[in-house]
Structure formats: C-alpha cells, structure tokens
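Me: I would like to go through this model and ask, for each label attached to it, what the label rests on. Please set each value against its cut-off before concluding.

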Amino acid sequence: MTRAIALLLVLAVAAPALAGPLSPETPEWPTPEATWKKADWDAFSQNLVVGLATENDGLRASALQMIIRYGDNLDVRDATFDVVEIYRSHPNERMRRLAAVTCLHLKNEWAMSFLRMSEPFEGSDTVLHTVRALLAEHDARKQARVEVGSLGMIADETER
C-alpha cells in the first residue's frame, strides 16, 4: 500500500512535466539577420573580402555562397574585382557560375555590365545560360525599381 501511494505521488508530481507546456505555441528563434549588430556584419563582410582574396578554392566558394545568402546585410564592395576575376578566369565551371550569381548579389552595376559585355564571348553553354538568366533578373529588378520610383515610393533595393 505504501508503494502504491508513493507511485501515485510520483505520478502526480511528474505528470505536468511530462505533459509539456500548457501553451501549444513554440517560441520562435530570431534569425541571424535580426540579432546581429552592425559591427558583426561589418566584421563578417571584411572576413569574406579576405577569404575571396586567397587561393583556397574551398574558402572562396564558401565566401561566394555567404555573399549570395546574406548579401543584403553585407558591404563587400572591396571584393568586386575578386569575384569578377573568379568568373572570368577560374578553370572550374561551377566556380565560374557561383561567381556570376554572386555578381548579382553584390548589387554592383560594374560587375553586371562586365557580365553583359562578356556574354557574347562565353565558351561554356552552362555558364552562358546562367549569365543570361542573371542579366534577365537584373533587368527585371532594375525595371521594378524604375516603376516603383515613378509612383513616388521608395524602392527596397539600393545600388551600392
């Protein structure tokens, strides 16, 4: 009998803990974009610029991917020539495509005009299709900014 009472007492205490929270809502975790301070983004930007200047292809590919992912929060203008150089002369087609996509996320008119000028001379069909798609996306974004600007509204993207 004592064991039964002890078991009931343990279950009475443990049951609420096993049942979980009273509210079905789960907490939402903030995104890195929302929690990082400006100083963090500046330091991250500088590290990406340094990474693109190295000869390590793994580091360069990672830096290109980070610029694509977080480009709206970064200031990597100093890496523009490194990105274009990877697009222009890297022997690996995948790295060239990654660099071309990064040019769009740099929001740099010079980089996009370089892609436009190099389009007729592109030797790889895969890279050529990528460049054409990027130029079409760039032109569509530019047109959207013009249309939004003509309505007297503020565009959400700014050229750096």
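**Arg96, Tyr87 and their surroundings**

Reply: Let us begin with a charge and a ring: in this predicted model, the charged end of Arg96 sits over the ring of Tyr87, at 5.2 Å from the ring centre.

Me: What makes this count as a charge over a ring?

Reply: The label requires that CZ of Arg be within 6 Å of the ring centre and within 35 degrees of the ring normal; the computed distance is 5.2 Å, so the distance condition of 6 Å is met.

Me: Why is Arg96 called buried or exposed?

Reply: Arg96, which is placed in helix α6, has a relative accessible area of 13%, and because the limit for buried is under 20%, Arg96 is classed as buried.

Me: How do you know that the side chains of Arg96 and Glu122 are joined by a polar contact?

Reply: The distance between them is 2.7 Å, and since a pair of N or O atoms has to lie within 3.5 Å, the pair qualifies. Glu122 also appears among the contacts of Tyr87 beyond four places in sequence, which include Arg96, Phe114 and Leu115 as well.

**An aromatic pair**

Me: Why is the pair of Phe44 and Tyr70 called stacked, tilted or edge-to-face?

Reply: The structure holds 6 aromatic pairs. For Phe44 and Tyr70 the centres are 6.2 Å apart, with 75 degrees between the planes; the limits are within 6.5 Å for a pair and over 60 degrees for edge-to-face, so both parts of the name hold. Phe44 lies in helix α3 and Tyr70 in helix α4, so the pair ties together parts that are 26 residues apart in sequence. Both of these residues, Phe44 and Tyr70, are buried.

**Helix α7 and the core**

Me: What makes the buried residues of α7 lie on the same side?

Reply: In α7, which spans residues 109-118, the buried residues are Ala111, Met112, Phe114, Leu115 and Ser118. They cover an arc of only 150 degrees around the axis, and therefore they are on the same side of α7. At the start of this helix, a side-chain oxygen of Asn108 comes to within 2.9 Å of the backbone nitrogen of Trp110.

Me: Which residues touch the most other members of the largest nonpolar core?

Reply: That core has 32 residues, and those touching the most other members are Leu52, Leu64, Leu74, Val76, Tyr87 and Leu115. Helix α6 gives the most to the core, with 7 residues.

Methods
Residues are numbered from 1 along each chain as its sequence is written. This is a predicted model: local features need pLDDT of at least 70, side-chain atom pairs count only at pLDDT 80 or more; totals for chains, interfaces and linings use all residues. Side-chain values use heavy atoms; hydrogens and water are left out. Buried means under 20% relative accessible area, exposed over 50%, partly exposed in between (1.4 Å probe, protein chains only). Helices (H or I, at least four residues) and strands (E, at least two) are DSSP runs, numbered from the N terminus. The arc is that of the directions from the helix axis to the C-beta atoms. A polar contact is a pair of N or O atoms within 3.5 Å; within protein, one must be able to donate a hydrogen and the other to accept it, and residues adjacent in sequence count only if both atoms are side-chain atoms. A nonpolar core is a set of buried Ala, Val, Leu, Ile, Met, Phe, Trp, Tyr and Cys residues joined through side-chain atoms within 4.5 Å. Contact means heavy atoms within 4.5 Å. Rings of Phe, Tyr and Trp (its six-membered ring) pair if their centres lie within 6.5 Å; planes under 30 degrees apart count as stacked, over 60 as edge-to-face and the rest as tilted.
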